[in-house]
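Me: Could you take a close look at one part of this model for me, the place where the two chains meet, and then walk me outward from there?

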Amino acid sequence: MNDIKTNDFVIRFANVNGTGSASANALFTKAIFKMGVPVTPKNIFPSNIQGLPTWYEVRVSERGFLGRREGIDFMVSVNPQSMKKDIADVRPGGYFLYDSTKPLHADMIRDDINYIGIPLMQLSNSNYSDPRQRQLFKNIIYVGALAIFFDIEFKVLEELLAVQFKGKEKLIEPNIKALQLGIDYVREHFEHPLPLRVERRDLLGDAIMMSGNSACALGAIYGGATVAAWYPITPSTSVVDAFTKYAEKYRIDKETGKRNFAIVQAEDELAAIGMVIGANWNGARSFTATSGPGLSLMNEFLGLAYFSEIPTVLIDVQRTGPSTGMPTRTQQSDLLEAAYAAHGDTKHVLLFPASPRECFLMTAEAFDLAEKLQTPVIVMTDLDLGMNEHVSQPLKWDDNRKYNRGKVLGAAELDAIGRYGRYLDTDGDGIPYRTIPATHATKGAFVTRGSSRDEYAAYTEDSAAYVRNMERLTKKFETAREMVPAPKFFQDGKTSETGVIFFGTSTYAAKEAFQMLRDDGFAIDAMRPKAFPFGREFVDFVNDHEKIFVIEQNRDAQFRSLMLIELGLDPNKLVPVLNYDGMPITADFIYNQIKENLSGK
Amino acid sequence: MSYLRSKFRHPALPKNKLGYTVDYYEGSLSTLCAGCGHDSISAAIAQACFELNIEPHRVAKLSGIGCSSKTPAYFLNNSHGFNSVHGRMPSVATGANLANRDLIYLGVSGDGDSASIGMGQFVHVIRRNLNMVYIVMNNGCYGLTKGQDSATADIGSKNKSGQINLFESIDLASLAIELGATFVAQSFSGDKEQLIPLIKAGMSHPGFAFINVISPCVTFNNNVGSTKSYDYVRQHMEATSTFDFVPLAHEIRTQYEEGETQHLTMHDGTVIQLHKLAKDWNPLDRVSAVNAVGRARRDGEILTGLLYMIPECKELHALLNTTDRPLNSLTENELCPGADILESINESLR
């Protein structure tokens with residue numbers, strides 16, 4: 001363990017939730033980011049407001065691998081409740097930093113790890129008098145200690161505090177003092193720096209660090225959403241929180257001070273999606289954000305939007321199900337629920353972002369897609385992507401980009417055509433022309449309904465008319481295949497008979513595992529799908545490979561099921577690699593599963 | 001129902017200010033049972049819009065599921081309609097209204113649609129004071145599924161198969177007043193003299209206007225012993241007032257007897273003239289209105305007419321401070337902050 005590991009370690013903070021640890025831990029992460037070193041934090045938090053154990057895990061990776069890695073190199077323990085488990089989680093040779101204000105119990109001692117005792121509470125209590133400050137600065141003191149252990153530049157911490165407390169400058173000095181308390185204590189009592197170090201690099205270029213939920217919210221702002229309706233649910237709540245924040249900044253009419261948006265906290269998820277459908281029906285871009293339980297409740301309305309062909313945008317920040325499951329843990333387990341939401345024959349367009357940049361782009365794109373296809377589009381993100389900060393390529397927008405509102409007839413166009421038929425397949429792509437209420441005094445009005453109708457929107461129970469409509473909807477879904485974003489490939493052409501498919505947040509760990517396998521001499525081709533339904537390139541990749549590992553974060557191999565249902569494949573061809581314990585999947589897990597399979601053949 | 005409608009129109013049919021005759025406000029042929037109260041309400045809606053000189057395409061008509069919710073197809077053929085899902089019309093209407101504040105929103109629902117499956121949405125749309133007219137065609141039973149009791153069926157009322165309803169009824173009008181609805185009226189499908197001006201007033205009201213209309217189900221709930229039958233309602237109706245809706249100082253016309261008259265000036269300058277018949281009742285006082293409805297219920301009467309109103313109120317757009325322009329008319333120019341701002345956001349995240 002005495003080998004120096006530069007920019008390559010995992011540190012975990014064991015805190016009590018509601019004690020202000022989040023901002024101290026974020027300060028630590030951001031300092032490493034500012035030093036140009038790839039870093040990824042994960043909040044592992046309870047469904048609770050105050051008093052329960054919460055963890056914050058940070059991986060630092062010079063090689064840019066930003067998935068989770070197993071094994072904790074350094075544990076910061078400020079929660080006696082979880083101490084025993086936290087000690088057990090440290091890898092042999094690792095470090096355990098604890099509050100030595102009270103001595104450690106004998107049964108907390110392992111002889112294969114290094115203990116670092118700092119009297120955090122005592123230092124804080126003897127320097128601050130306000131009880132809240134004592135609690136908060138205890139956290140900053142350990143950040144100071146870590147800074148000197150890891151050789152983090154003090155100047156960077158100072159700069160970050162200056163930005164954080166802009167406008168509240170008098171808070172800077174006591175924070176600096178707390179950092180210094182930690183630094184001084186380490187200087188006096190321990191060798192430093194440790195063999196685990198952070199060294200300045202220029203590996204991040206113009207990258208940003210943000211959460212997927214904030215990025216989705218900005219995507220909705222840039223994509224032209226004016227109506228947001230929602231019901232609070234972890235982990236999607238911060239999508240609308242961020243949308244509110246950005247809208248209040250960028251969507252206020254300069255002359256009147258009035259709002260170019262409306263946000264309604266609905267009475268439940270049913271009402272939230274109902275409002276979204278009503279607004280979209282009436283020509284305003286509208287969206288909601290929810291998670292698994294909310295998606296279940298929205299099924300009926302999604303069926304209506306599918307069948308009556310109303311653009312609808314839904315951001316599903318997936319969490320661990322079923323039922324209430326583990327509300328603050330991650331999973332990719334709403335896939336089948338989302339793809340076929342509602343009774344009867346329904347299919348929906350899904351998008352799978354894997355980074356904040358894609359959350360932004362795909363949410364904006366979802367509004368175009370929903371209007372072009374006149375159907376629900378569900379952005380399938382998850383708790384890990386949505387609530388954790390991720391290093392990401394910067395967000396980009398082309399000012400020449402126009403919103404594509406799809407096939408909407410205006411008054412002049414209605415005058416120019418003969419009889420208007422809402423559900424006529426004029427263009428042969430399955431997508432009919434819609435009209436927005438109040439467009440024309442005498443043409444284009446019809447009753448939108450979830451019951452069967454003919455091409456002219458008249459209610460009908462005629463079987464032939466029903467079948468024609470259902471077949472047109474199938475055709476529309478075929479059109480969608482080539483309209484949705486294409487997959488990303490990690491090689492030019494075909495290089496192997498074996499392929500691997502991963503999507504969303506599994507991407508981070510999968511890329512690392514993919515590299516580990518290549519380093520071991522296993523040639524594998526990789527594809528990251530970005531959407532459902534599957535387009536031509538996706539199908540070609542699947543057909544071109546004899547064996548395909550499908551990596552996903554659910555128990556039932558839902559993505560694999562989607563492939564089997566939609567593509568009619570031999571099930572033996574698709575090997576599931578499944579992590580569903582609620583924690584983000586790790587590279588080691590993927591590597592071990594695939595290697596075992598490949599070595600055994 | 002009949003299958004053919006005559007295309008003949010008397011050449012001397014009166015025209016409104018827009019030059020339309022009342023048939024311009026009609027819809028497709030109704031498929032409801034002959035004698036259904038709902039058809040009278042559809043006709044009253046068409047007549048009210050005709051008399052108010054409304055351009056039909058400026059109206060959006062929305063409904064849930066059930067017999068009543070079929071009716072948007074039977075009036076205002078030139079209006080967009082939305083026959084949504086059971087009990088969820090209020091949310092769809094909320095979204096639609098947020099998208100374009102300039103249209104008139106007319107929601108049609110039934111007692112099953114609003115008082116059972118849709119109760120959650122009904123109470124919350126009231127809280128938000130959405131600018132719409134919300135009509136419940138209330139027949140105390142589920143017609144489309146052949147006559148089961150609904151939650152508005154009175155306790156002790158007998159249905160067609162002879163069963164007595166065991167459960168307390170939900171009184172939607174009292175509930176609406178309690179919840180802070182800003183316009184609450186009650187009427188009877190068979191009384192168009194009262195219903196038409198109520199609908200007109202509701203459409204002029206700048207907030208949530210609720211009209212509970214007792215509308216007997218001729219097929220499943222018009223039997224002896226039912227408290228929602230034509231005979232029962234006719235015998236037990238007690239009008240709070242006679243009522244005239246006076247847009248822009250029109251001549252007042254009424255078939256009711258003279259009584260105490262109260263003028264209520266609405267937000268848009270139109271005037272309601274109430275000829276009060278009920279005692280101890282002030283339509284501008286919530287407690288008084290609740291008491292009047294409660295007393296009538298206790299005595300087995302159905303109080304009709306305007307029950308309660310707050311003429312000046314803030315509807316949802318005013319509460320949310322949304323722009324005066326319809327949100328659905330905004331473009332990239334107003335909505336997209338642009339690449340430069342995005343770069344400044346990027347910079348703040350580095």
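Reply: Happy to. In this predicted model, strand 17 of chain A, residues 447-449, runs parallel to strand 2 of chain B, and three bridges join the two. Within that pairing, Thr448(A) has Phe82(B) as its bridge partner in strand 2 of chain B.

The pairing belongs to a wider meeting of the chains: 50 residues of chain B are in contact with 56 residues of chain A. On the side of chain B that touches chain A, at least two residues come from each of strand 2 (80-83), helix 3 (89-99), helix 5 (119-127), helix 11 (332-335) and helix 12 (339-348) of chain B. Helix 3 of chain B gives the largest share, with eight residues. By character, the residues on this side of chain B are 22 nonpolar, 21 polar and seven charged.

Helix 5 of chain B leads on to a backbone detail. Asn129(B) sits in the loop between helix 5 and strand 4 (132-138) of chain B. Its phi is positive, about 50°, although Asn129(B) is not a glycine. Asn129(B) counts as buried because 22 other C-beta atoms lie within 10 Å.

Chain A offers a counterpart to set beside it. Asp151(A), in the loop between helix 4 and helix 5 (154-164) of chain A, has a positive phi near 70° and is likewise a residue other than glycine. Here the count is 16 other C-beta atoms within 10 Å, so Asp151(A) is partly exposed.

Let me stay with helix 4 of chain A for a moment. This helix (residues 131-150) packs with helix 3 of chain A (residues 120-127) at an angle of about 125°, and their axes are 9 Å apart. The two helices are therefore oblique to each other, and their crossing is right-handed. On the helix 3 side of chain A, the contact is made by Leu120(A), Met121(A), Leu123(A), Ser124(A) and Asn125(A), while helix 4 of chain A brings Arg134(A), Phe137(A), Lys138(A), Ile141(A) and Tyr142(A). Six of the residues in this contact are nonpolar, two are polar and two are charged.

Helix 3 of chain A also gives a reference point for a residue elsewhere in the chain. Ser126(A) and Gly223(A) are 97 residues apart in sequence, and their C-alpha atoms are 53 Å apart in space. Gly223(A) lies in the loop between helix 7 (212-222) and strand 10 of chain A. It is buried, because 26 C-beta neighbours fall inside 10 Å. Leaving aside neighbours within four places in sequence, Gly223(A) is in contact with Arg285(A), Thr363(A), Ala364(A) and Phe367(A).

That loop brings us to strand 10 of chain A. Both of its faces are covered: Val227(A) and Ala229(A) on one side, and Ala228(A) and Trp230(A) on the other, are all buried. Strand 10 (residues 227-230) runs parallel to strand 11 (residues 262-265) of chain A, and four bridges join them. Val227(A) stands opposite Ala262(A), and Ala229(A) stands opposite Val264(A). Strand 11 of chain A has one covered face, formed by Ala262(A) and Val264(A), and an uncovered one, formed by Ile263(A) and Gln265(A).

Past strand 10 there is a cis peptide bond, joining Thr234(A) and Pro235(A), with omega about 5°. Pro235(A) is placed in the loop between strand 10 and helix 8 (237-250) of chain A. Another cis peptide bond runs from Gly321(A) to Pro322(A), with omega near -5°. Pro322(A) has its place in the loop between strand 13 (312-318) and helix 12 (335-339) of chain A.

One more sheet rounds out the tour. Five strands of chain A form an open sheet in the order 18-20-19-22-23, with mixed pairing. Its edge strands are strand 18 (488-489) and strand 23 (574-578) of chain A, each of which pairs on one side only. Inside the sheet, strand 19 (residues 498-501) and strand 20 (residues 525-528) of chain A run parallel and are joined by three bridges; Ile501(A) stands opposite Met527(A) in strand 20 of chain A. Helix 20 (residues 587-599) of chain A packs on this sheet and touches strand 22 (547-552) and strand 23 of chain A, and its direction makes about 150° with that of strand 23.

Technical notes. Residues are numbered from 1 along each chain as its sequence is written. Chains are lettered from A and ligands numbered from 1 in the order in which they are written. This is a predicted model: local features need pLDDT of at least 70, side-chain atom pairs count only at pLDDT 80 or more; totals for chains, interfaces and linings use all residues. Two residues are in contact if their C-beta atoms, placed from the backbone, lie within 7 Å. Ala, Val, Leu, Ile, Met, Phe, Trp, Tyr, Cys and Pro count as nonpolar, Asp, Glu, Lys and Arg as charged, and the others, Gly among them, as polar. Two strands pair if DSSP finds at least two bridges between them. Axes are lines fitted to C-alpha atoms, for helices over the stretch in contact, and angles run from 0 to 180 degrees between N-to-C directions. Angles under 35 degrees count as roughly parallel, over 145 as roughly antiparallel, 65 to 115 as roughly perpendicular and the rest as oblique. A crossing is left-handed if the near helix is turned anticlockwise from the far one by less than a right angle, and right-handed if clockwise. A residue is buried if 20 or more other C-beta atoms lie within 10 Å of its own, exposed if 12 or fewer, and partly exposed in between; C-beta atoms are placed from the backbone.
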